[in-house]
Amino acid sequence: MSEAKLREDICRFGRSLFERGLTPGSSGNISLRLDDGGWLVTPTNASLGFLDPARLARLDAQGRLVAGDAPTKEIPLHTALYETRAAARAIVHLHSTHAVAVTMLPEIDPKSVLPPMTPYYLMRAGQTALVPYFRPGDPAVADAIKGLAGRYSSVLLANHGPVVAGETLEAAVFATEELEETAKLYLLLRGLNPRYLSPEQVSDLVRTFGLSLQEHSAHDH
Ligand SMILES: [Zn+2]
């Protein structure tokens, strides 16, 4: 795919996410790994709703800015996940309301933030790890993501938001949307004793679709 097309895709998906209220103000950022080892990254202080394809930050394989505006200050979140997920080609980070909300609940299991509620959450986002709270800009957050050793394609930063990797930009966006919707379902059903997918139903999905989940046992959230 040409770089021009990829630039347009970042802006198109960014606008779509912003217009649906999935990340407010100038929050959220998107990155994409290019064939030459470099990256396209959304600029610092840019709203995902109003991106200009020509002004996206273009980084070389060493992470140096070679064209466009300065990249988001949250780039360590992206590089940490790329470093441990060899197949990742795109990463989406949002400040989406429901996903942020669940990070603050006392019962959350850091190894599996959300229970197996729908097949598409498991198929697109897999399981989601919770990364503890870090002040914005604290480099320790990258170490915490690397500490998960690439076992998760989706992580939730406590009191902050999701960081989700995909093999394509579309896959990363769709997985982020599944994560947000699953967080919303969890909040809607919290305290109502809902029936989640059973361990047998989860095992069947794992077998049929070749999913690699960290632990696919039933949760008693
Ligand atoms: Zn953020």
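Helices and strands here are DSSP runs, numbered from the N terminus. The model is predicted.

**View 1. Gly21 follows helix H1 with a positive phi.** The phi of Gly21 is about 75 degrees. Gly21 sits just after H1. The helix itself covers residues 3–19, 17 residues in total. From first C-alpha to last, H1 reaches 24 Å. That is close to the 24 Å expected at 1.5 Å a residue.

**View 2. Helix H1 has buried residues that pack against strands and a helix.** Leu6, Arg7, Asp9, Ile10, Cys11, Phe13, Gly14 and Leu17 are buried in H1. Charged side chains are among them: Arg7 and Asp9. The partners of the buried residues are strands E1 (29–33), E2, E3 and E5 (90–93), together with helix H6 (169–189).

**View 3. The axes of helices H1 and H6 come within 11 Å.** They cross at roughly 10 degrees. Angles under 35 degrees count as roughly parallel, so H1 and H6 are roughly parallel to each other. H1 contributes Asp9, Ile10, Phe13 and Leu17 to the contact. H6 contributes Leu169, Glu170, Val173, Phe174 and Glu177. By class, the contact of H1 with H6 has 6 nonpolar and 3 charged residues, and no polar ones.

**View 4. A zinc ion is coordinated by one glutamate and three histidines.** Glu74 appears twice, each time through OE. His93, His95 and His160 each coordinate through NE2. The distances run from 2.0 to 2.6 Å. In sequence, the donor residues are spaced E-x18-H-x1-H-x64-H. Is His93 buried or exposed? His93 counts as buried, because its relative accessibility is 0%. His95 counts as partly exposed, because its relative accessibility is 26%.

**View 5. Asn45 has a positive phi although it is not a glycine.** The angle is about 60 degrees. Where does Asn45 lie? Asn45 is in the loop between strand E2 (39–41) and strand E3 (57–59). Its relative accessibility is 62%, so Asn45 counts as exposed.

**View 6. Ala149 also has a positive phi, in a residue other than glycine.** The value is near 55 degrees. Ala149 is placed in the loop between helix H5 (140–146) and strand E7 (154–157). With a relative accessible area of 49%, Ala149 is partly exposed. The cut-off for exposed is over 50%.

Notes: Residues are numbered from 1 along each chain as its sequence is written. This is a predicted model: local features need pLDDT of at least 70, side-chain atom pairs count only at pLDDT 80 or more; totals for chains, interfaces and linings use all residues. Side-chain values use heavy atoms; hydrogens and water are left out. Donors are N, O and S atoms within 2.8 Å of the metal (3.2 Å for Na, K and Ca); water is not among the atoms, so sites may look incomplete. Buried means under 20% relative accessible area, exposed over 50%, partly exposed in between (1.4 Å probe, protein chains only). Helices (H or I, at least four residues) and strands (E, at least two) are DSSP runs, numbered from the N terminus. The expected span of a helix is 1.5 Å times one less than its number of residues. Contact means heavy atoms within 4.5 Å. Axes are lines fitted to C-alpha atoms, for helices over the stretch in contact, and angles run from 0 to 180 degrees between N-to-C directions. Angles under 35 degrees count as roughly parallel, over 145 as roughly antiparallel, 65 to 115 as roughly perpendicular and the rest as oblique.
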